[in-house]
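Trainee: Please take one part of this model, describe it closely, and then set it in the context of the whole. I should like each term explained where it first appears.

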2 protein chains.
Amino acid sequence: MDLSPLQTERYRYQPKLPALLRKNPTEIKAVLGEPTSAYADADKLKEIFKNHFGAPVALFEAGPNPAAAAPRNIGVILSGGQAPGGHNVIAGLFDGLKAGNKENKLFGFLGGPSGIVDDKAVEITDDLMNAYRNTGGFDIIGSGRTKLETVEQFDKCIDVCKRRNISAVVIIGGDDSNTNAAVLAEYFAEKKTGISVIGCPKTIDGDLKNEYIETSFGFDTATKTYAELIGNIERDANSAKKYWHFIKLMGRSASHIALECALQTQPNFCIISEEVEKEQKTLMQVAKEIADIVITRAKAGKTFGVGLIPEGLIEFIPEMKKLIAELNDLMAQNEAEFSQLADFSAQTKWLKQHFSKDSAAAFDSLPEGIAKQLLLDRDPHGNVQVSLIETEKLLSEMVKKAIKARGEEIKFSALHHFFGYEGRCAFPSNFDADYCYSLGYNASVLIANGLSGYLSSIRNLAAPADQWIPGGIPLTMMMNMEQRHGMLKPVIRKALVELDSAPFREFAANRDKWAEETCYTYPGAIQYYGPSSVCDLTTRTLYFESRK
Amino acid sequence: MDLSPLQTERYRYQPKLPALLRKNPTEIKAVLGEPTSAYADADKLKEIFKNHFGAPVALFEAGPNPAAAAPRNIGVILSGGQAPGGHNVIAGLFDGLKAGNKENKLFGFLGGPSGIVDDKAVEITDDLMNAYRNTGGFDIIGSGRTKLETVEQFDKCIDVCKRRNISAVVIIGGDDSNTNAAVLAEYFAEKKTGISVIGCPKTIDGDLKNEYIETSFGFDTATKTYAELIGNIERDANSAKKYWHFIKLMGRSASHIALECALQTQPNFCIISEEVEKEQKTLMQVAKEIADIVITRAKAGKTFGVGLIPEGLIEFIPEMKKLIAELNDLMAQNEAEFSQLADFSAQTKWLKQHFSKDSAAAFDSLPEGIAKQLLLDRDPHGNVQVSLIETEKLLSEMVKKAIKARGEEIKFSALHHFFGYEGRCAFPSNFDADYCYSLGYNASVLIANGLSGYLSSIRNLAAPADQWIPGGIPLTMMMNMEQRHGMLKPVIRKALVELDSAPFREFAANRDKWAEETCYTYPGAIQYYGPSSVCDLTTRTLYFESRK
């Protein structure tokens, strides 16, 4: 690895820990609270998680825990999409484990959850760990999207753990991966393996959160990176005064990333999918509202602007959701017939004969390029690939139409951007570096206290790190039952943007002003050094939520 | 303006000046060297620039220059695309002017060169200036692309300057804008107006440089911003191990930005347009060379990678250059007939009957989406808009074809990015903040020494700022005669990437290794604070050039 000057310097950074975790693990003991329940469907979940359902919330206090010094091997898995700070979770886990007993070993399973099933692992040594401290990426051991769901997989996991004398597995992942962690933990308990499973809340999307998990790691760094770029583009728009920039932002279903970036940069518009769904808006309504802003600004001499669009928008618009579902069904059920159609116009004709009236109208309203994308870019199962739809271009074309329909003769030139991969592997901000290291160290303390089926939890994050509150939350406590691929399954509930939350209310209270005036704020690049006001800054989301 | 924490802190930054410029302008006097000539076509240029041709290079030394204290109004213009640091050029100019005599006034012409013609200006006050120090963007007075070329415009400039009692105009711009500055300066001299014109070398593209102008301002910050994003994407590619990222980079014709970013991030490939042209490569050859890299990596288990593509590539590929020229001619000469053609297939048929054999073949080799872009996205004059061609998608589609043609069954999934607007208005790096402030301050000293038709020059930039060498270069010295729109015109020569330059040789010596192995380097976000190794870093281009 050829090192950049920043990477060389970041190796020297010592992440901050909560005061309690600065003790040796042998001096930290768990304090268990009252039994817990679930987010919903407690009866059903109790049946599924016979061993772990109802486990108490764990906190820590200073006190002897000699078990932390017992010899112990641990395995760690990175699961799903990259998020800044993953390496620091492993570093915290490594340091916590070695602090208990320096003979302890940490094994990293390679390439995600498949690594444990296939027994592909590497021992994490001092040298290996030191090459990845405070860096972005998941490249130390790689990640993957294999789901641990079947009994065959679970039995293989048990074999591998026994062979390597591993007594605990830490899974670093999002809501789905932690759901799998809960099921795996339950299976390990049922089989009396003595192997514990601890999860760590990872995802830039910010949709794995609740009372005990104030934010998932990576959200801070990713949104700072996107906000840097949005701010730079805003400044460009406000200097050149001739373009509208339509910026799509990663974040899967939830609009947390878009909302956070809007709070940081104050753009002229930001669509929140959850609100569009609640108000049952059509795509044309969304476009018309943007067109209103474009027209108002143009009449005030401002023929430029910047708007944010969450990646998941399309699926929250009822008519589009229906259209995509019908398309998937029609193309699956009539694959042979459909594939015989000569070209796009023949396909369009055929589809119109088969669509419901609503979907025919929705399809008709789409610009040709987007309609083609819907028919062409399908996944291996033949389904429309929603994430590939260029919503930013779709919306700007519809805005152009809406302006024309209003009979307005105004200048509207749009440029398009999509930010996602740019932020998932940035060097973690000081916040994420500290938070991740604490999550990992904390996981080692949960293990040393004999706990399993827990998510590593660090709270009070808006305060300085020494005041953070470490602990563990039973994974079952965050679960409910949901339909997945036609089956009712226990899952960790995905946290979407709540329209009565403090961050959304802050946005809603200001957006009309931001639309009409030019209130851009320019966050600039993430700073790892310098005045505390710039290098220890947390997200606006965390700030407003902590003021509740 | 709602200020971000970084913006608030950046206001406190005091840009560094060369040692000599830390004196009061009344203590700095110009030392003129021998008469100069031109880059080429001296005889012709001597005729055009009767007053300014042959002016000596100016350096400074400590010594009395009471003229610096004389009352004086100056006008300043931002011309062309944004580049980080423009506000600091104005700040340096402002501070230099006020240091000479605090009654002096600086007027900012609004919206670019049209501001002086239309007499739209604002006086730059302390409060206004302080709100923009060390920030990105050109929003303090706005920019524009109007060219100052006609006698009518020049006469209006004289009127406006007389009315406002302005005795010097500073034009902050690229090669074209500084060419205009030279012509304007000559006109002012010919008319004996006593008004001087000084240029400042701006452009993120890095193509305004020569022996005396080591780099244009903004190049440092823009490339650092792009390299941050490229590095983050490289780390993502190396973690997920499933995508090839094709990244197009702004930079107009020249490939300086792509080359600098390649030196900073060590990607698997980087196309240098100048090399493609020199070796007379076809588009398919370029694609085949990338395909070779993709195949070699895939066979070694690495089905991922990152490649950089300069914005101007298409115009350097002889067959494409010819195709575009033929297309422009054909569509212009047969506009009525062409516009009657029903659809893309009718257009294709018609074009094939009219193209030369080579262009018909080149057109045929293009993916349909790109061929359509060529026909649809035309500028107001009916010309193909080369900058809108999605070269990154074009190349990845042709690479896919080339892999298939080789009969290789390898996984190749491409993702596409275009970075440009993200970097033009970033907060200037410490280097650009210092360099720009020095350029502006230096311009005020050139004016105070009665010079006109000069470009502000700060040399020895790879050394610490106190060792920088301030001075002025006659604009005519950098000029030659070139065909522009069918006429032979005096222009500042655009500096393309030289294939025998130290930065290119460094790249060429390493690229095979970077292609096959994974040697990614992750620069991370621009740091304005912290260890000198991270916050005072200059470009690799400047580093290698200074070692010559």
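Mentor: Two strands are said to pair if DSSP finds at least two bridges between them; strands (E, at least two residues) and helices (H or I, at least four) are DSSP runs, numbered from the N terminus. The model is predicted, so local features need pLDDT of at least 70 and side-chain atom pairs count only at pLDDT 80 or more, whereas totals for chains, interfaces and linings use all residues. Residues are numbered from 1 along each chain as its sequence is written, chains are lettered from A and ligands numbered from 1 in the order in which they are written, and side-chain values use heavy atoms, with hydrogens and water left out.

Let us examine a sheet of chain B. Its four strands follow the order S9-S10-S8-S11 in an open, parallel arrangement. Strand S9 (269–270) and S11 of chain B are the edges, each pairing on one side only. S9(B) is joined to strand S10 (residues 305–310) of chain B by two bridges, in the parallel sense. Within this pairing, B:Phe269 stands opposite B:Gly307 of S10(B).

The edge strand S11 leads on to the interface. There, 61 residues of chain B are in contact (heavy atoms within 4.5 Å) with 61 residues of chain A. The buried area, meaning the accessible area (1.4 Å probe) that two parts lose on being put together, summed over both, is about 4600 Å², and carbon and sulfur atoms give 53% of it. Six salt bridges, each a side-chain nitrogen of Lys or Arg within 4 Å of a carboxyl oxygen of Asp or Glu, are counted between chain B and chain A. A:Glu390 and B:Lys393 meet through their side chains in a salt bridge of 3.5 Å, N to O. On the side of chain B that touches chain A, helix H1 (5–10), helix H8 (219–240), strand S11 (414–419) and helix H20 (532–535) of chain B each supply at least two residues. H8(B) gives the most, with ten residues.

The symmetry completes the picture. A turn of 180° and a shift of 0.0 Å along the axis lay chain B on chain A with an RMSD of 0.1 Å, the superposition being by least squares on the C-alpha atoms of residues with pLDDT of at least 70 in both copies. The two copies are therefore related as by a two-fold rotation axis. The same surface serves both, since 100% of the contact residues of chain B recur in chain A.
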